[in-house]
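Please find below a colleague's note, set out as numbered points for a reader at the bench.

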Amino acid sequence: MKKVFIIFFFNIILCKEIIFPSIALVLSGGGAKGIAQIPTIELIDSLNIPIDYVVGTSIGSIAGGMYSIGYSPEELKEVFFDTNWDLLISNKKNRKKLNFFKKNNYQKYQLSFTLHDFKPKVPIALSNGHESFINLNYLTRHNNSIYDFDEFVIPFRCNATDLISGSEIIFKNGSLAKALRASSSIPTVFSPIQDNKKLLVDGGVLNNLGTDIAKSLGADIIIAVDVSSENKKSEDIIDVFDVLSQSIQLNSINKKNKNKGNADILIEPKITGSSSLNFNLKTAEAMYKTGYSAAYKNLENLIKIKNSLPLNKIISNQKLSSIQSDSILISEVILKTNSSITVNEVLNLKLPKKISKKDLIKEILKIRHSNQFNNISFEFLKNNNSYRLIIKLEKNNSIKINKVMILGNKKISDTYIRKILDLNRGDIVDYDKIDNKISQLYNLDFFENINYELVNFDNNSADILFNINETNFKRLKLGGGWSSYHKMIAKLRLDLIYKPIDMFRFQNEMLIANSIKENKLSLLYTGKYIKQLPIMPILRYNYKDTQLPMYQNEIELEENIIDKQRAFGFLIPFQNFGSFEVNYNNQKIKYSSLHNENIDFYNITLKIDQLDDLLYPTQGLNLSCYFEQSDNLQENYYYSNLSVDHYTKILKRTSIRLYGDYIESEDLNSSYKNIHFFKPDRTLAYSEYDIFSSNLLNYGIEINYLYRNSQTIRFLINKIDKVEFAHNNEKIHNFYSYGIGIRFKSILGPINFLWTNSDKSFFDNKKNENYYFSIGIDY
């Protein structure tokens with residue numbers, strides 16, 4: 001190219017030492033479309049074109065930042081397709097890891113609000129960004145000891161926008177994870193990053209193609225990839241995020257058009273009909289192919305750049321992308337390092353070794369995630385029919401902690417947070433331990449997001465700074481649905497933490513449906529909640545007004561019942577496993593036509609909840625064990641109830657549920673307490689309020705097949721092994737039923753259709769066939 005020849009020519013005339021032209025790679029923002037940037041990086045590597053600077057914005061900052069610390073484009077592709085984007089761009093959480101209070105109401109409501117002066121407050125963003133930071137930190141933390149971005153394998157810059165000053169912020173040092181999180185903080189999708197007095201959002205708000213940043217670094221040649229075309233048609237804007245993305249781009253369109261002029265090669269994959277937040281696997285593969293086509297349309301221009309470079313500038317060794325075969329015969333592993341380390345400390349391969357590219361990438365990723373080395377890159381030297389694998393890296397020295405600093409907390413004390421973090425002066429930085437402690441803190445239900453960075457480096461020591469963003473302690477949750485029996489269902493939950501005074505928690509749950517009104521109040525003393533097994537005193541008051549079917553002297557009645565129950569006891573949460581609760585209760589039951597009841601009793605409840613998902617479970621155990629007993633003169637009985645569900649994933653798209661219910665009671669005269677509600681997928685043809693029993697053994701199996709990402713086909717077989725009816729003490733055995741259903745994912749929650757059938761009903765030999773339908777959050 002003329003530009004390269006001119007630079008090279010003037011260097012010869014004016015300088016004794018030749019200054020080779022520098023090349024910058026600039027990657028734009030564009031959300032999910034960032035996958036289309038990877039083929040350009042692959043092509044650059046396959047041509048062995050040396051890159052001197054990398055500049056990225058938003059998703060381009062993530063790809064660029066990782067490339068700059070040595071990730072190969074093949075690794076970038078592996079990471080992109082392996083990332084759980086759904087978890088990162090929403091506030092979805094790993095349910096198994098959630099602490100008791102957070103798990104107890106997670107996924108039970110469709111809408112969540114915080115309250116300001118008891119008025120609902122709309123969330124600042126779709127995602128609080130916590131999982132995004134955790135993921136970025138995991139991918140880059142092996143380079144945390146390198147403060148200056150100029151000291152990366154390739155010098156790197158990314159940008160963000162300060163919402164307070166309206167200025168562009170360019171990151172050139174500090175925490176790489178924090179820089180990438182700020183640069184990719186799409187407004188209203190991710191919450192902004194607080195950085196001292198700055199409030200940082202996506203760099204694309206002001207500058208979505210940072211070729212001007214590359215020029216300021218001294219780049220002579222700029223290769224730019226722009227996946228955020230502003231020339232959209234109406235059919236390309238398919239959701240609210242596309243509207244937002246287009247609005248942001250229009251704000252910076254003049255800057256972007258000017259910056260396009262700085263690019264010597266501008267690659268623009270034409271991606272249409274896909275949302276910037278659509279990380280669906282098939283869509284991502286299609287966007288990757290579009291990026292591949294766009295890159296190879298510029299192959300000739302890239303070859304011209306390579307051919308115009310002086311020989312000393314061109315990389316002599318080969319990158320992985322330049323090797324066409326899917327497998328590589330490695331004859332030798334060579335380390336290029338200033339550290340005193342051996343090959344076996346880095347990579348233990350029996351040589352010669354024929355290894356697939358995919359397996360080699362996994363081995364390199366293991367080296368990165370060991371956090372023992374930084375600035376890891378690799379290349380190959382041809383050796384007849386085999387290759388020498390050359391790994392460049394430096395050993396990370398252990399970093400001692402000088403100070404542990406905590407910023408941003410207002411309600412939760414430093415002492416409380418430090419107790420859980422368990423980090424002290426002189427400790428060696430252990431990233432896995434820090435991640436586990438952050439996870440423990442985050443899942444306590446007190447924090448919106450938590451991130452950290454190493455600052456004030458001094459030789460092999462540093463301060464560790466935790467940035468804490470507390471959640472609002474006043475919350476309102478709303479939910480609803482529809483089912484065949486209850487019809488329209490509306491739910492509300494008010495949760496006040498540290499109310500009415502510190503260390504207390506007030507909860508109010510309300511439910512209204514056809515023939516039922518329910519209100520549950522509880523007040524807990526949580527204390528500082530630091531112990532492994534904290535004992536929490538609890539007061540409960542439950543009120544239920546309902547209409548239920550029951551039997552009296554062989555006659556089925558529709559009885560109006562008012563149930564008032566007061567309880568005092570204690571609760572022991574088992575962190576993220578479940579809970580144990582003991583209560584002393586007074587229950588007053590008022591019937592419309594039967595004698596009223598006033599019962600004093602104590603109860604014990606054990607719950608274990610390890611389900612991966614409450615609405616669409618595929619793995620885990622859910623167990624509830626309840627025991628109740630009264631020893632007073634009027635009522636002397638016991639009642640126990642065991643319910644268990646165990647999900648196992650047996651294939652990629654198939655899971656099995658084994659479930660069962662056991663009820664046993666003696667001398668239980670209360671009509672109300674013998675009424676049991678079973679969801680249709682537990683007792684199938686004999687569901688909802690069909691079973692008016694004092695003793696029951698029920699079990700079954702369900703096979704779930706994920707037909708598509710949003711559709712699950714269900715096959716169920718159930719056996720009621722025995723049932724003893726409360727109204728006449730009649731015992732019946734061996735009732736089989738089966739069912740077929742389909743479940744759809746929706747924004748409202750699961751949509752369930754279920755058909756069930758049994759050859760006979762409880763009291764005659766007539767066929768018992770039923771259809772059930774529900775949508776959203778069920779009772």
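The points that follow concern one sheet, the helix across it, and the cysteines of this predicted model.

1. The sheet is open and has four strands in the order β12-β11-β14-β13, with mixed pairing. Its edge strands, each paired on one side only, are β12 (353–356) and β13 (373–383). On average, and with direction ignored, neighbouring strands are turned by 45° against each other.

2. Strand β11 (residues 327–336) runs antiparallel to β12, and four bridges join the two. Within this pairing, Ile330 has Lys353 of β12 as its bridge partner.

3. The pairing of β11 with β14 is parallel and comprises six bridges. Here Lys336 stands opposite Lys392 in β14.

4. Nine bridges connect β13 and β14 in the antiparallel sense, and Phe380 stands opposite Leu389 of β14. These two strands form a hairpin with two residues between them, in which Asn384 adopts a positive phi near 60°.

5. Helix α15 (residues 357–369) lies across β11, β12, β13 and β14 (386–395). With respect to β12, helix α15 runs at about 90°.

6. How many disulfides does a search of the whole structure find? The search returns zero. As a general reminder, a disulfide is a covalent bond between the sulfur atoms of two cysteines. Two of the cysteines may be noted for their accessibility. Cys158 has a relative accessible area of 0% and is therefore buried, the limit being under 20%. Cys625, by contrast, is partly exposed, with a relative accessible area of 34%.

Definitions and conventions:
Residues numbered from 1 in each chain as written. Predicted model: local features only at pLDDT ≥ 70, side-chain atom pairs only at ≥ 80, totals over all residues. Heavy atoms only, no water. Pairing = 2+ DSSP bridges. Axes fitted to C-alpha atoms, helices over the stretch in contact; angles between N-to-C directions. Contact = heavy atoms within 4.5 Å. Disulfide = S-S within 2.5 Å. Buried < 20%, exposed > 50% of the residue type's maximum accessible area, 1.4 Å probe, protein only.
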